[in-house]
Amino acid sequence: MTTSDTLVAQFSAASQELETVDQAGNFRYVEGEQQARAERAYYRAADERVTLTGSSARDPEVWDARTRTSARRITLDQKTSEGLAEQQVRTTHLPEEKESAGGAGTVPGPLKANAAVNVIA
């Protein structure tokens, strides 16, 4: 489900099929644990991609139970279920809450198995 202050949909004159959807102002998306927030969301039916952009005060964000990502622009590909975050990318990835047979799982390098991983690019 999506919500926003405004929504403008454009349809093909010939086929009456949806071409684009532009949602602006307090865009929100919720589908189970997957969520997104942005100032604007622009969907192109031809390539099945949604581009999220923010405002000067706040970047768009996408998140679920284990990961949160924000960036200047986030593109979500609905065909491949892939996302691309661009410019000032910040991601936090929380560890899985499971243990190995001998106790806490091992994580290579300086990371701890039960600590969040923050990435800023």
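A strand here is a DSSP run of at least two residues, and a helix one of at least four, both numbered from the N terminus. The model is predicted.

**Exercise 1. Describe the secondary structure and overall burial of the chain.**

Step 1. Count the elements: the chain holds zero helices and 11 strands.

Step 2. Read them in sequence order, which gives β-β-β-β-β-β-β-β-β-β-β.

Step 3. Turn to burial. The chain has 121 residues, and 22% of them count as buried.

Step 4. Take the surface next. About 8,500 Å² is exposed, with 49% of it supplied by carbon and sulfur atoms.

Step 5. Look at contacts between residues at least 6 apart in sequence: 33% of these join residues at least 24 apart.

**Exercise 2. Decide whether Thr 75 is buried or exposed, and find its contacts.**

Step 1. Place the residue: Thr 75 belongs to strand E8, which covers residues 73–77.

Step 2. Apply the cut-off. A residue is buried when its relative accessible area is under 20%. Thr 75 has 15% relative accessibility and therefore counts as buried.

Step 3. Set aside neighbours within four places in sequence. Thr 75 then contacts Arg 49, Val 50 and Thr 51, along with Glu 82, Gly 83, Leu 84 and Glu 86.

**Exercise 3. Work out which residues form the largest nonpolar core and which strands supply them.**

Step 1. List the members. The 12 residues are Val 21, Phe 27, Ala 36, Ala 38, Ala 41, Tyr 43, Val 50, Leu 52, Val 62, Ala 71, Ile 74 and Val 89.

Step 2. Assign them to strands. At least two core residues come from each of E3 (18–31), E4 (34–44) and E5 (49–53). E4 has the largest share, four residues.

Step 3. Examine one member. Apart from neighbours within four places in sequence, Ala 38 touches Asn 26, Phe 27, Arg 28, Leu 52, Thr 53 and Pro 60.

Step 4. Add the general background: nonpolar side chains tend to be buried together in soluble globular proteins.

**Exercise 4. Characterise the largest pocket and its lining.**

Step 1. State the volume: the largest pocket encloses about 690 Å³ of space.

Step 2. Locate its centre. The lining has 28 residues, and those closest to the centre are Tyr 29, Gln 34, Ala 36, Val 62 and Leu 76.

Step 3. Trace the lining to strands. E3, E4, E5, E6 (61–63), E7 (67–70), E8 and E9 (82–86) supply at least two residues each. The top contributor is E4, with six.

Step 4. Sort the lining by class: 15 residues are nonpolar, nine are polar and four are charged.

How values were computed: Residues are numbered from 1 along each chain as its sequence is written. This is a predicted model: local features need pLDDT of at least 70, side-chain atom pairs count only at pLDDT 80 or more; totals for chains, interfaces and linings use all residues. Side-chain values use heavy atoms; hydrogens and water are left out. Buried means under 20% relative accessible area, exposed over 50%, partly exposed in between (1.4 Å probe, protein chains only). Contact means heavy atoms within 4.5 Å. A nonpolar core is a set of buried Ala, Val, Leu, Ile, Met, Phe, Trp, Tyr and Cys residues joined through side-chain atoms within 4.5 Å. On a 1 Å grid over the protein atoms alone, a cavity is a set of points where a 1.4 Å probe fits but cannot get out, and a pocket is an open set with protein on both sides within 12 Å along at least five of seven lines; lining residues have an atom within 4 Å of a point. Grid points are joined across faces, edges and corners, and a volume is the space filled by probe spheres set on the points. Ala, Val, Leu, Ile, Met, Phe, Trp, Tyr, Cys and Pro count as nonpolar, Asp, Glu, Lys and Arg as charged, and the others, Gly among them, as polar. Accessible areas come from the Shrake-Rupley method with a 1.4 Å probe; for residues, only the protein chains shown count as cover.
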